[in-house]
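Trainee: Please take one part of this model for a close look, the metal site, and then follow the charged pairs outward from there. Keep it to what can be computed.

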Amino acid sequence: MKAFLPITLLLAALPALAQDIGVLTAETKKTVLPVVPKVVSAMQEAVAEKGVAGAIPVCKELAPALIKEKRKETGWDIRRVSLKARNAERGTPDLWEARVLADFDIRAANGEKPETLEKSEIVTIDGKPVFRYMKALPVGEVCLKCHGPADGLDAGLKAKLGETYPHDQATGYSQGQIRGALTVKRPL
Ligand code: HEC
């Protein structure tokens, strides 16, 4: 009888763990995701008012600043990452993130809507449990102005991007592809 006890305990713990992930995911989304529509609408406004080259600071400064604010507020590690980063210093994914991004591409190719793609997992880092969450950032129409095919980009914009990002990989996208993801790490 004793031998069965650990299994019973394990089975009892499973639903709790699953529920934890659900709760952690919901909490994380509620806290972090409002940043996304804020950046998208700021981008649409900036492009309309200042033109594409004038809108660069939205992706370069406003988005990182809003993310930084959330990091301060929560203490969580929050970033933007991409398999084809423009700013590799900030946007290079770690191994877990790179796998999830590759998986997002596969899931999208299999018909999942890009704007619904997300991933939650409790992983172990340095022996400690960490909740990880990623949310895909799909390419919308406005994004194409700076992340679309390189030969179609505005000449002034191209010159400006070239100055700051000589190793820019973040062009060549089409609408509906996955530009990258918002990624969150919460130590538990
Ligand atoms: C006006 C030009 C412009 C537009 C439009 C634009 N971006 Fe960007 N994007 C940039 C620049 C510049 C960077 C580099 C930011 C930095 O230095 O951290 C960037 C970086 C990013 C990154 C971080 C990863 C990386 O490649 O460095 C993501 C994710 C991203 N953009 C998504 C989007 C999405 C989604 C849209 C549409 C809603 C969009 N961008 C529209 C200029 C733009």
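Is H147 buried or exposed, and what is its relative accessible area?

Mentor: H147 is buried, as its relative accessible area is 8% (buried is under 20%, exposed over 50%, partly exposed in between, with a 1.4 Å probe and protein chains only). This is a predicted model, with local features needing pLDDT of at least 70 and side-chain atom pairs pLDDT 80 or more, while totals for chains, interfaces and linings use all residues. Residues are numbered from 1 along each chain as its sequence is written, and side-chain values use heavy atoms, without hydrogens and water.

H147 contributes its NE2 atom to the iron atom of the ligand, and C59 contributes SG; these two contacts are at 2.1 to 2.3 Å (donors are N, O and S atoms within 2.8 Å of the metal, or 3.2 Å for Na, K and Ca). C59 sits in helix 2 and H147 in helix 5, so the pair links distant parts of the chain, 88 residues apart (helices are DSSP runs of H or I of at least four residues, strands E runs of at least two). C59 differs from H147 in its class of accessibility: C59 counts as partly exposed because its relative accessibility is 27%, whereas H147, at 8%, is buried.

Around the iron atom of the ligand there are six donor atoms, and the angles that they subtend run from 86 to 178°, which makes the arrangement octahedral (six donors, opposite ones over 155 degrees apart and all others between 65 and 115).

Now the charged pairs. The count comes to ten salt bridges (a side-chain nitrogen of Lys or Arg within 4 Å of a carboxyl oxygen of Asp or Glu).

One of them joins E27 to R186, with the closest N and O atoms 2.7 Å apart. E27 belongs to helix 1 (residues 5-32) and R186 to strand 4, and the two are 159 residues apart, so this pair too links distant parts of the chain. The two ends of this bridge fall in separate classes: E27 has a relative accessible area of 37% and is therefore partly exposed, whereas R186, at 9% relative accessibility, counts as buried.

Another salt bridge runs from R86 to D168, where the closest N and O atoms are 2.8 Å apart. Neither end lies in a helix or strand: R86 is in the loop between strand 1 and helix 3, and D168 is in the loop between helix 6 (155-164) and strand 4, so the bridge ties together parts 82 residues apart in sequence. R86 is buried, with 13% relative accessible area, and D168 is partly exposed, with 22%.

The bridge between R132 and E97 has its closest N and O atoms 3.2 Å apart. R132 lies in strand 3 and E97 in helix 4 (residues 95-109), so the pair ties together parts 35 residues apart in sequence. Here both ends are in the buried class: R132 counts as buried because its relative accessibility is 4%, and E97 is buried with a relative accessible area of 1%. R132 and E97 do not stand alone, since R79, D94, E97 and R132 are linked in a network of salt bridges.

To return to your starting point, H147 is a buried residue in the metal site, paired at the iron atom of the ligand with C59, and C59 is partly exposed.

Definitions and conventions
Tetrahedral: all angles 85-135°; square planar, octahedral: opposite > 155°, others 65-115°.
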